[in-house]
Amino acid sequence: MREPSVDVVVLTMNDRPGEETKALDSLLAQKGVDITIGVVGNGCVPDIVPESALSVSLPENLGIPGGRNAGARLFKESGKPSEFIFFLDNDAVFPTDDVLLRLVTEARAHPEAAYIQPRLTGPDDETTPRRWVPRLRASDPAKPGTVTTMTEGVVMVRRKEFDAVGGWAGDFFLYHEGIDLAWKFWSLGRTGWYAAGVRMHHPVTTPARHARFYRLAARNRVWVAYRNLPRPLIPLYLGFWIVATALRSWHGGGRESLKGLREGWAGRHRQRRRPMDWRTVSRLTTAGRPPVI
């Protein structure tokens, strides 16, 4: 029987060779699947490219979603794109050699799902910060189920649906591109599936460590709303997140968040607007995450 095929996109800026080597070694150890690797040098020439892997060197750093899109194009240009694409952070590690095979098995069991999300943990195989659980009720990270958001750095998507929605929001650069992509999949009439029994490892870090976090996160919230929501829901969604951002930024980041909100609103018309229909709003609400929170 022919092994299922999976294309795997890995971004690099050549800034963490130790972690990247571990990530690629664990990827190459995967069994039961036919893997094609695409390494994207985001503003650089990749230092680490496994034998037989595809690679591309981007002349400038396009950000994470832009770099991932470049990786996805690699496989199409090769003429042999697989049914599935797995997007892998270059500091994430496969803890066992059957992770990709198990995710494909989950995808076969849930044909309604456009993307399959493993459980992301720290290197201890247990610690899962709340923000890594892609569902609203996140108290039990070991509970599988249908999800409406996405943990972008370790996710398997179906190629057909990925191409149908146009891929990642390339100009987001960083933050919230997973919400945008998930909502696009739901607008196709599909869902997401959280395969909580399949683990991936990742260093436990905070997104606020990045200097641009508050500004880009706020800007991209505006763009997510403008790109995806029916007009009556845009002020509700942004109102909720303005309050949430103000509360979370009480001890820092408030000025940058405000700058991001202004930047997002001023630049919203440069975004392609494809609002979901009210049936999709209803489906998301029934799934536990109305698109105003």
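**View 1. Strand β7 is covered on both of its faces.** In this predicted model, the two faces of β7 are both covered, with V154, M156 and R158 buried on one side and V155 and V157 buried on the other. Because 5 of the 5 residues of this strand, which spans residues 154-158, are buried, β7 is largely enclosed by the rest of the structure. On one flank β7 runs antiparallel to β4, the two being joined by 5 bridges, and within that pairing R158 of β7 is the bridge partner of F84. Strand β5 (residues 113-121) is likewise antiparallel to β7, to which it is joined by 2 bridges, and here Y115 has V157 of β7 as its bridge partner.

**View 2. The open sheet that contains β7 has 8 strands.** The strands follow the order β3-β2-β1-β4-β7-β5-β8-β6, and their pairing is mixed. The edges are formed by β3 (54-57) and β6 (145-147), each of which pairs on one side only. From one strand to the next, the twist averages 25 degrees. At the β6 edge, the pairing with strand β8 (residues 191-201) is antiparallel and extends over 3 bridges, with G145 standing opposite Y194 of β8. Helix α2 (residues 63-78) lies across β1 (5-12), β2 (34-41), β3 and β4 (84-88), and runs at about 140 degrees to β1.

**View 3. R190 occupies the loop between α5 and β8.** Although R190 lies in a loop, its relative accessibility is 15%, and the residue therefore counts as buried, the cut-off being under 20%. When neighbours within four places in sequence are left aside, the contacts of R190 are P111, E112, A113, A114, R158, E161, F185 and R283. One of these contacts, R158, is also among the buried residues of β7 shown in the first view.

**View 4. An aromatic pair joins helices α5 and α7.** The structure holds 10 aromatic pairs. In one of them, the ring centres of W183 and Y237 are 5.7 Å apart and the ring planes meet at 70 degrees, so this pair is edge-to-face. The pair links distant parts of the chain, since W183 belongs to helix α5 (residues 177-187) and Y237 to helix α7 (residues 234-248), with the two positions 54 residues apart. Both partners are buried, W183 with a relative accessible area of 3% and Y237 with a relative accessibility of 0%. W183 and Y237 also form one aromatic cluster together with F240 and W241.

**View 5. Helix α6 includes a second edge-to-face pair.** The rings of F213 and Y214 have centres 5.0 Å apart and planes at 70 degrees, so they too form an edge-to-face pair. F213 is buried, with a relative accessible area of 17%, whereas Y214, at 25% relative accessibility, counts as partly exposed. Of the 16 residues of α6, 15 are buried, so the helix is largely enclosed by the rest of the structure. The end C-alpha atoms of α6 (residues 213-228) are 22 Å apart, which agrees with the 22 Å that its 16 residues should span at 1.5 Å a residue.

**View 6. Two arginine side chains place their charged ends over tryptophan rings.** The charged end of R221 sits over the ring of W241, at 3.5 Å from the ring centre, and W241 is itself a member of the aromatic cluster that includes W183. In the other case, R68 has its charged end over the ring of W168, at 4.8 Å from the centre of that ring.

Note on methods. Residues are numbered from 1 along each chain as its sequence is written. This is a predicted model: local features need pLDDT of at least 70, side-chain atom pairs count only at pLDDT 80 or more; totals for chains, interfaces and linings use all residues. Side-chain values use heavy atoms; hydrogens and water are left out. Two strands pair if DSSP finds at least two bridges between them. Helices (H or I, at least four residues) and strands (E, at least two) are DSSP runs, numbered from the N terminus. Axes are lines fitted to C-alpha atoms, for helices over the stretch in contact, and angles run from 0 to 180 degrees between N-to-C directions. Contact means heavy atoms within 4.5 Å. Rings of Phe, Tyr and Trp (its six-membered ring) pair if their centres lie within 6.5 Å; planes under 30 degrees apart count as stacked, over 60 as edge-to-face and the rest as tilted. Buried means under 20% relative accessible area, exposed over 50%, partly exposed in between (1.4 Å probe, protein chains only). A charge sits over a ring if NZ of Lys or CZ of Arg is within 6 Å of the ring centre and within 35 degrees of the ring normal. The expected span of a helix is 1.5 Å times one less than its number of residues.
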